[in-house]
Amino acid sequence: MSKTTAPHELHSVPQTTDELMQQALAMEREAVARYNELADIMEVHNNHEVAELFRKMAVIEGHHVSGILSEMGWAEDMVAPRQPGVWASADAPESVPLDEMHYLMHPWHALQLALGAEQRAEAFFESMAQAATNDAVREAALEMRDEEAEHVALIQEWLARTPQPDPEWAVDPDPPRYTD
Amino acid sequence: MNDMTLPAELSAADYKSDYKPIWCPGCGDYTVLGAITKAMSILQRPPHEMAVVSGIGCSSRIPAYTTCYGFHGVHGRALAAGTGLKVARPDLTVIVTGGDGDGYSIGGNHFLHACRRNVDMTYIVMDNHVYGMTKGQASPTTEPDWDNKLSPGGTGVRAFHPLVIALASGANFVARAFSGDPNGTAEIIAQAVRHPGFSFIEILSPCVTFRPEQREWKNLVHKATVEATDDPAQAARRIMTDDGFNLGVLYAGSRPPYARARDTGASLADLEAEFVL
Amino acid sequence: MQPPPPSTTPSQGAGAARTFSVAIAGSGGAGVMTAGSLLLDAAAHAGLYGLMVRTSGPQIRGGEAGALLRFGPEPLTTLDDRFDLLLAIDWQNLHRFADEIPLGPDSLVVGDADAGEAPDVFRAQGARLHMLPLKKAAKDAGGAWVNMIALGFAGALAGIPDSDLEAALRKSWTRGEATLAVNLAGMQRGIAYARDVQGAHAAPLRPPGAAPAGRWLISGNEAAGCGAIRAGVRFVAAYPITPATELLEWMAPALARVGGTLLQAEDELASVNMIIGASYGGVPSLTATAGPGLALMAEAIGLSVSAEVPIVVVDVMRGGPSTGIPAKSEQSDLSFAVDGLPGDAPRLVLAPTDIGDCLQTTEWAVQLAEALQAPAIVLSDQFMGQSRAVIDRPQHEVKPAQRLVAEANTPNYLRYRDTPSGISPMAVPGTPGNVYTADGLTHTERGIPSSQAGDHRKQLDKRERKLALYDYGSRWADVEGSGELAVITFGSTTGAVREALARAAAHGVRIKLVALRLIAPLQEAALAQALEGVRQVLVVEQNHGGQLLRYLRSRFDLPGRPSGLHQPGPLPLRPGELCDAFVDWAATHQPQEETA
């Protein structure tokens, strides 16, 4: 499993709070979609424990989405696509990368990945705050950063309650099967 | 999305079907699917006006995972089927997909000729240097010394260089991408579809089950530092000397795409006139 | 009161040998295939015969999977009608296999007490349910794998000695003493659970205690590869395709060890043409494929016919048509194999009748191809190819194939000389004095291309004659039993048919069996002799269109009003349903009945 990645490079910085919050909204929505996708993948591979955990994460991120919508007074079908160049990284900061999956992964692994996602989100807003060209954006970015920091703490707490998998968790005595 | 009017803007999710992929968790193809649907949302063509054509193998499962018209054909013949479809129906957007085994081994001959023919379509190969579906044999892009059951100790045969072959055969757009970079890949795919003629994209897409060492690829890839060229000789030099992990559009040429003149004026009587005594 | 139908008589009744059938199922890392393989190994070493079939979902890893096994004191070539034990490590998506794991009132279903309820489809068949804390027990045993509990339980319930189970596990273990001890403990737990269930009852099987000398544990694909090497094959060109890939993967190192070569080809067109090239050079050559690959090879098989260059193509049949059902068995390539070439192109088509026979029949195919300088297609299938069985080792003497080769400087050498037998000596490149060009074009006796009617006719007659006049001996079919009714079949259905006929016989229904091994050229005289006194035939096969029935009717005057029992894959034909069908069929054709 990979370690958390560096803060995302910014190419262009939002000039208004609205712009900033649209990016935040886009990020949260992508996180919801990604967690659902991960849950589907785990279900197809009969790993229901982790599938359920990812579904839970999708719901939690869904709350963040409604939070932003209600705070900004936006309608649910508000279109806020991710602006190109806002972050130059490969994947959205708050989305767990698809290539980190393993069919035998344990809830502990899933939480580690979720932790990484939240930490990247926190770092992203930190760098937005630093690059902001006006106070309104800076303050909004710092607020978002602090919220993400809360999420980080929540997941760390959750992790502390989750048993670590034994070193042999990835061992499968059966070979891969072919189907085509 | 069943009513007659399409929504104002189609999102990537609108191009993904409800069918759950059976790829191993961690497979690069998941992100490629995401990049393809993302590219489609950049292009904004309604899914029913696009066709995804494939052969046989893990990567070839993609058509059913999109909401476009799909054709899951036989092993290695996707380019032939795609060519037939596009020439008969030039109004459609045709995207051909598959893996390195399907595309470069049994499909090798069709690959050469599709590049030559330069029909306006896009060919996406998910290259993981292995035959995944049949449990791990060497493919044409596998290193010669990779030990496997069918060729113990490795095939001893040099790996194929698809981008050079594509360029030499006449492809009008040649690019390399990496599944670990979904945004970059989506951009390249959108560009490829927009570019006239035969567009070829090699997407490095790790196989977690048979080539777990390919996790290293994310540390080896790097974006190309120069702009795409339209000079095939220059592109050839660059591609032949790169390390295989150079990402980006490497060649964007200006060959006119395949076209046959069609004069639709004749009637049946006109045709039959030659037999009349 | 009516006696129960013969099919429902358990196989342990009426003098038939008692067998025990186990299904171990589970998903995602449960290791059911490993458990099944170990169980088979243990049973084999205890002196039992066994058969293991695998089934799984579409995922490459982590998918739902089932190891389906049968054990008994006599060679086993088919699964039974029902499983005596279904042990499910978990129930994930197992309902997808319900068709393949039929149960009955005498069956026992064991599941993990903490894994939820068994799906309805398993409970509805009347079996006894018994829940055990499988995962927990594995953990309590020090972190053993759950499949070890399954291994111990299934093995002990069947009557396989603990020592053999332990030996099988030890032999397979590659991961250190400490973990071995833990997993042995897990296995012991499973054994203890089984003893609880068994109580005072005797175990169903009483293994002799040791494997007599002369038994092998092998898959159909491996057996075919082995048979090919025995007969002298030293060049193989390979392209991977389910379910033939393992045959090629087994041959890769094996060939190298005996001085041969396996070359991975870019596709099936290449692999078949490569083996023609190698064979033209004098080296017996082979490739293996499945339906879609065989279709691609058609043109080149025609070349092999015309140029008289011998090759063997093993077709491990799978569900068709087209991409079909790649990982499941079917017998639907027969029509293509016997007739599917352009032109008049006689060729050899053989079909092994069970896993062990994959060795003999592939061996024979190579011998025939070499002797007759013609292509031979061996119709194996996924059921035999990918299943493992305990077999009696081949007893016959190893006789490498003999090709009639022209001596150096043969005076007036004519490669395609119109000989009485139809077989003309073949010059091998490197031999002085006999230089010729092999050709797919119609040719003169010298081998020069010709469009003359006389030459064409001569060569067509020659090639037909060489196959027709050859003495194939008694191996063309297994002919068993007697009576006025006969069942004709081929390939892997033979095992189920044989068992069904034995059950029917136990109830006074006498039906003869003709299990074909040489399908083309059809041995008409021998078949006529085998069917002497037979008034009605029933052709049994696993395909949708009744391909063998159609083939036989087109080439031969079958007696009476021939009928067919044909069912496509993916499910195997089972002895019970076949027995019922045979009894019904026999009842409609009572002896002395006047045909309309």
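**Reading chains B and C of a predicted model**

Chain B of this predicted model has 9 helices and 8 strands.

Reader: What makes chain B as compact as a globular protein of its length?
Author: The radius of gyration of chain B is 20 Å, and the globule rule gives 19 Å for 277 residues; the two values are close, so chain B counts as being as compact as a globular protein of that length. Along the principal axes, its C-alpha atoms fill a box of roughly 70 × 45 × 40 Å.

Reader: How many of the residues in chain B are called buried, and what makes a residue buried?
Author: A residue is buried if 20 or more other C-beta atoms lie within 10 Å of its own, and residues of this kind make up 55% of the 277 in chain B. As for the contacts in chain B between residues at least 6 apart in sequence, 68% of them join residues at least 24 apart.

Reader: Turning to chain C, why are β9 and β18 said to stand at the edges of their sheet?
Author: The sheet in question is open and has 7 strands, in the order β9-β8-β10-β11-β13-β12-β18 of chain C, with mixed pairing. β9 (261–264) and β18 (518–520) of chain C each have a single partner strand, so one side of each is left without a neighbour in the sheet, and they stand at its edges. From one strand to the next, the twist of this sheet averages 25°.

Reader: How do you know that β11 and β13 of chain C are paired?
Author: Two strands pair if there are at least two bridges between them, and 7 bridges join β11 (residues 311–317) to β13 (residues 375–381) of chain C, so they satisfy that condition, and they run parallel. Within these strands, C:V312 stands opposite C:A376.

Reader: Which helices of chain C lie across strands of this sheet, and at what angles do they run?
Author: Helix α9 (residues 268–280) of chain C lies across β8, β9, β10 and β11 of chain C, running at about 165° to β10(C). Helix α10 (residues 291–307) of chain C lies across β10, β11 and β13 of chain C, and it runs at about 160° to β11(C).

Reader: What makes up the side of chain C that touches chain A?
Author: The contact takes 24 residues from chain C and 15 residues from chain A. Helix α1 (residues 32–45) of chain C gives the largest share of the chain C side, 3 residues. By class, that side has 8 nonpolar, 14 polar and 2 charged residues.

Notes. Residues numbered from 1 in each chain as written. Chains lettered and ligands numbered in written order. Predicted model: local features only at pLDDT ≥ 70, side-chain atom pairs only at ≥ 80, totals over all residues. Helix = DSSP H or I, 4+ residues; strand = E, 2+ residues; numbered from the N terminus. Axes fitted to C-alpha atoms, helices over the stretch in contact; angles between N-to-C directions. Contact = placed C-beta atoms within 7 Å. Rg over C-alpha atoms; globule rule 2.2 N^0.38 Å. Buried ≥ 20, exposed ≤ 12 C-beta atoms within 10 Å, placed from the backbone. Nonpolar A, V, L, I, M, F, W, Y, C, P; charged D, E, K, R; others polar.
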